[in-house]
Structures are given as structure tokens and as C-alpha cells.
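This briefing covers one protein model, with its sequence and coordinates shown below. The points after the lead are grouped by topic.

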Amino acid sequence: MKNLIVMNKSSVLVFLLVGLFVLCECEDEDQFLPVSPMVKKEQEALYSAIQGFVGNSWNGSDLYPDPCGWTPIQGVYCDLLDGYWHVTVLNIGLVFDNSLQCSPNAKFTHHLFELIHLRSLSFFHCFSSPRDNPIRIPSSNWERLSNSLESLEFRSNGGLIGTIPVSISYVKKLRSLVLLENGLTGDLPIELGNLVNLKQLVLAGNKFTGQIPPSLGGLTELLIMDLSRNNLTGTLMLTFGCNLTSLLKLDLSNNKLEGKIPEGIGRLKNATLLDLGRNKFSGGLIQSFQRLVSLKEMVISNNPLGGDLMGVEWGKLQNLEILDLSNMGLTGLVPESMAGMKKLRYLGLNDNSLTGNLSPKLAILPCLSALYINDNNLTGKLEFAEGFYKKMGRKFRAWNNSNLCYQPEMILSSSSSSHGLNGVKLC
């Protein structure tokens, strides 16, 4: 791919060759005409499409004399195909100082879909006002890009409203669909499951409602699925996750999902992040969590999950660094097997109804830098060494456990080191 700002030597040579003057076979043999390195129809479509986004006052001078040549604009990139330059990347929005900045009246025109060699299309903070200029994603013509488009992104467009058009599912070559932090609403179309080549599906930070379509569970090539920060409801199929064995990141947090967590989640053998926090899941922790041996971060917090911690062999999660199980209605003991997670840096068990003693082995986890056990019903004596409190400082919290106590010799002179013992009584 050739950047508009930087061209290598071979690109310069090609550019010079296609730009040479050739003899025109007409009556005046002394007349020379330039050979355009870009099809005129595509060049005109590019200018018109951009003008729709940046405003009528823009006359194309920033891309003169050739949008695939030596121009100062970031966001338009080309490839040489069949002897002509074709636009393959179009980024609209003020990413850099010399990017194409959208006007307050930015809009789509049909010219965009005449750029049939586009591989990547993105809009950043282009449609900003849902009141003054509400814009919808075009509902038609996406099939014209079905043989080329691999990446489609709309990021931070508060004025982008309406639903995801079903016609986007015609773009079968899509590998990345990112609709992040816009004003989109409605149900997720089941047709998204037809995008079988998707590796990244990010729909976070919108206002989507309804259930997660079961068809998304069949996107076997997915590496990232992020549906967080919406208003999604309903339950997940018990088999959800069974076919997503390539997935590296699953984030369904900050929705209104309910029911039992599917056992199929345990099939995400390559996942490094699992975030189901801030939903309405119930039915307790699933045993198949212990199969997630690649996980580095697991967040299940702020769900009325209930149950206990004993059904999971935590020591099998040798790569886990962050485990947040706070505010889940958990009961019972804190299992000693949690001390087997040698890479654990953060353990959040606060705001539950956990009981019993806390194993001193937790304090010798080599990487642990934050341990929150406050607001439980833990009992007995904290048998952590003085060095533990010095290391943790304010990132150890044990208050609001009425029957928990610490030894007098653990009173430290440093207020920051003893902060976590505030609210814990002397034995």
C-alpha cells in the first residue's frame, strides 16, 4: 500500500512512468496529453464522496493534482492495480492535523460506493450531533463493496443513530467490524452471523437492545468480541462459546444479560480476557471456568450470581493476573487453591457473604499487589506477615468483617501500610 505522504523508490518510479506524456494520435502531432494514473470516474467519485463529508466548500485542491500522488492529506491511500491507482483506504475524521475533518453537515453520498476497490473504510468523530445532524448508516449499496471491503469502522460518532443495516452482512470479506461509541440503537441483526470471516466484532458503547443473536456463536474465526456497554438483555444459549475456540477477548460487560453463564464459555481455551461484569447473571460459577488456562483477566463482578467458590479448581488458572469476583452474593469459604494462581496481581472478593478463615498462603503470592476482602463475613485471625502489609499498603482492604481480627504485633507505624487494617479489630 502506498501512503500519500511517503513513497518508496519503486513507487516513485511507477508514478513517474504512468505520468509521462505520450503522443496523442490526432491531427496535431506536436500535441502531448498526460496519461492519468487514476481512472477519471473513480477520481471524481472520490472527490464527491469526500465533499459530502467535509462540506461543499472543499474543492479537492488538497488532493490536486492526483489523489494517489504527492499530496499532504492523511486518510486517502492507494494501491496500483492493473496499471492504475485505486483508492483502497479511506479514513474520514480528524485523527491527525492534516486529516480530512468532517463538517457539521457531513453526510453520505452514493459516490462512496463507487470506490469498489476499498479495503478499509473508517469514520472517527465525523457525525457528532444527534440533534443537529443525525445520520444513519446507509441501508443499501454495501453489496458493491462485497468483493473488496475488509475493515469497516465507525468510532466516536455521537450523531450516528438508527440500527445496523442488514445489508452490511453482504460484505462477506469483512474481517473487522467496529461500531464503537456511537448512538446506534435497536436489535443486533442475526445476519451478522453471515460474516464468517470476521476476526474482530466490536459493538461497544452504543444503545443496542434485545438478545445476543445465537448466530454470533458461529463466527469461528473471531479473535475479539466486544459487545459491552449496551442495553442487551435475555439469556445466552448454553452452547455459547463452544465454537469460538479462537477467541482471545470476550467482553459482554455492562449490559442486562441474565440467566446462567453457559458452560460453553469453558471452551474458550485461547481467551486471555473474559469480562461478564455488571450484568444480571445468576446460577453460580461454572466449573468449566477452570479450563480457561490462557486467561489473564477474569471479571465476573456485580452480578447476582450466588453460590460459592469451591466448585472451581482455581490453581489450574496459572496465567491469571486479574480476578474480580466482587459483589456477586458469594457464600462459603475462600478456597486455599486460589493461592495456586502464581501470576495473580489483583484479587477482588469484596462485597460478598464469604465466611471462614483466610489462608495465609494468599499473602505469599509473588505478584499479588491488591487484595480486597472487605465487606464479607470472614472470621478468625489474619496470619499475614508484616512484610505483606508493607507491600500492599492501601491496596489491602479487610474492613467490615465483624469477626475478623489481627495480631497486636502487626500494628505498624506507617499509616499507609496499616490502612488496610482500618476497621479490623485486634485479636
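Two strands are said to pair if DSSP finds at least two bridges between them. Helices (H or I, at least four residues) and strands (E, at least two) are DSSP runs, numbered from the N terminus. The model is predicted: local features need pLDDT of at least 70, side-chain atom pairs count only at pLDDT 80 or more, and totals for chains, interfaces and linings use all residues. Residues are numbered from 1 along each chain as its sequence is written, and side-chain values use heavy atoms, with hydrogens and water left out.

**Confidence and overall make-up**

- The average pLDDT (the predictor's confidence in each residue, from 0 to 100) is 88 for the protein chain, and 87% of the residues score at least 70.
- Residues 1-36 stay under a pLDDT of 50; for this segment the model has 61 contacts (heavy atoms within 4.5 Å) beyond four places in sequence.
- Three helices and 28 strands make up the secondary structure elements of the protein chain.
- The protein chain has 427 residues, of which 51% count as buried; buried means under 20% relative accessible area, exposed over 50%, and partly exposed in between (1.4 Å probe, protein chains only).
- Taking contacts in the protein chain between residues at least 6 apart in sequence, 59% join residues at least 24 apart.

**Parallel strand pairing**

- Strand β23 (residues 353-356) pairs in the parallel sense with β21 (residues 331-332) over two bridges, and T331 has S353 of β23 as its bridge partner.
- β23 is also joined by two bridges to β25 (residues 377-382), again running parallel; here T355 stands opposite N377 in β25.
- Four bridges pair β4 with β5 in the parallel sense, with V89 opposite S120 in β5.
- β5 in turn runs parallel to β7, and five bridges join the two; L121 stands opposite L152 in β7.
- In a regular strand the side chains alternate between the two faces of the sheet.
- V76 lies in strand β3 and counts as buried because its relative accessibility is 0%.
- The C-alpha atoms of V76 and L90 are separated by 5.0 Å, although the two residues are 14 apart along the chain.

**Helix α2**

- Helix α2 (residues 40-54) has 15 residues and an expected span (1.5 Å times one less than its number of residues) of 21 Å, which agrees with the 21 Å between its end C-alpha atoms.
- The buried residues of α2 are E42, Q43, A45, L46, A49, I50, G52, F53 and V54.
- These buried residues pack against β3 (76-81), β4 and β5.
- An α-helix has 3.6 residues a turn, so residues three or four places apart point the same way.
- G55, just after α2, takes a positive phi of about 110°.

**Aromatic side chains**

- The structure holds 16 aromatic pairs; rings of Phe, Tyr and Trp (its six-membered ring) pair if their centres lie within 6.5 Å, and planes under 30 degrees apart count as stacked, over 60 as edge-to-face and the rest as tilted.
- One of these pairs is F113 with W142, edge-to-face at 5.0 Å centre to centre and 85° between the planes.
- That pair links distant parts of the chain, 29 residues apart: F113 is in the loop between β4 (84-92) and β5 (120-124), and W142 is in the loop between β6 (135-136) and β7 (151-157).
- F113 is buried, with a relative accessible area of 2%, and W142 is buried at 0%.
- The rings of F123 and F127 form a tilted pair, because their planes are at 35° with the centres 5.8 Å apart.
- Both F123 and F127 are buried, and they belong to one aromatic cluster with F53, F108 and F154.
- R397 lies over the face of Y372, at 4.3 Å from the ring centre; a charge sits over a ring if NZ of Lys or CZ of Arg is within 6 Å of the ring centre and within 35 degrees of the ring normal.

**Positive phi outside glycine**

- E181, in strand β9 (residues 176-182), is a residue other than glycine with a positive phi, near 55°.
- E181 is partly exposed, with a relative accessible area of 35%.
- N254 also has a positive phi without being glycine, near 60°, and is found in the loop between β15 (249-251) and β16 (256-260).
- The relative accessible area of N254 is 33%, so N254 counts as partly exposed.
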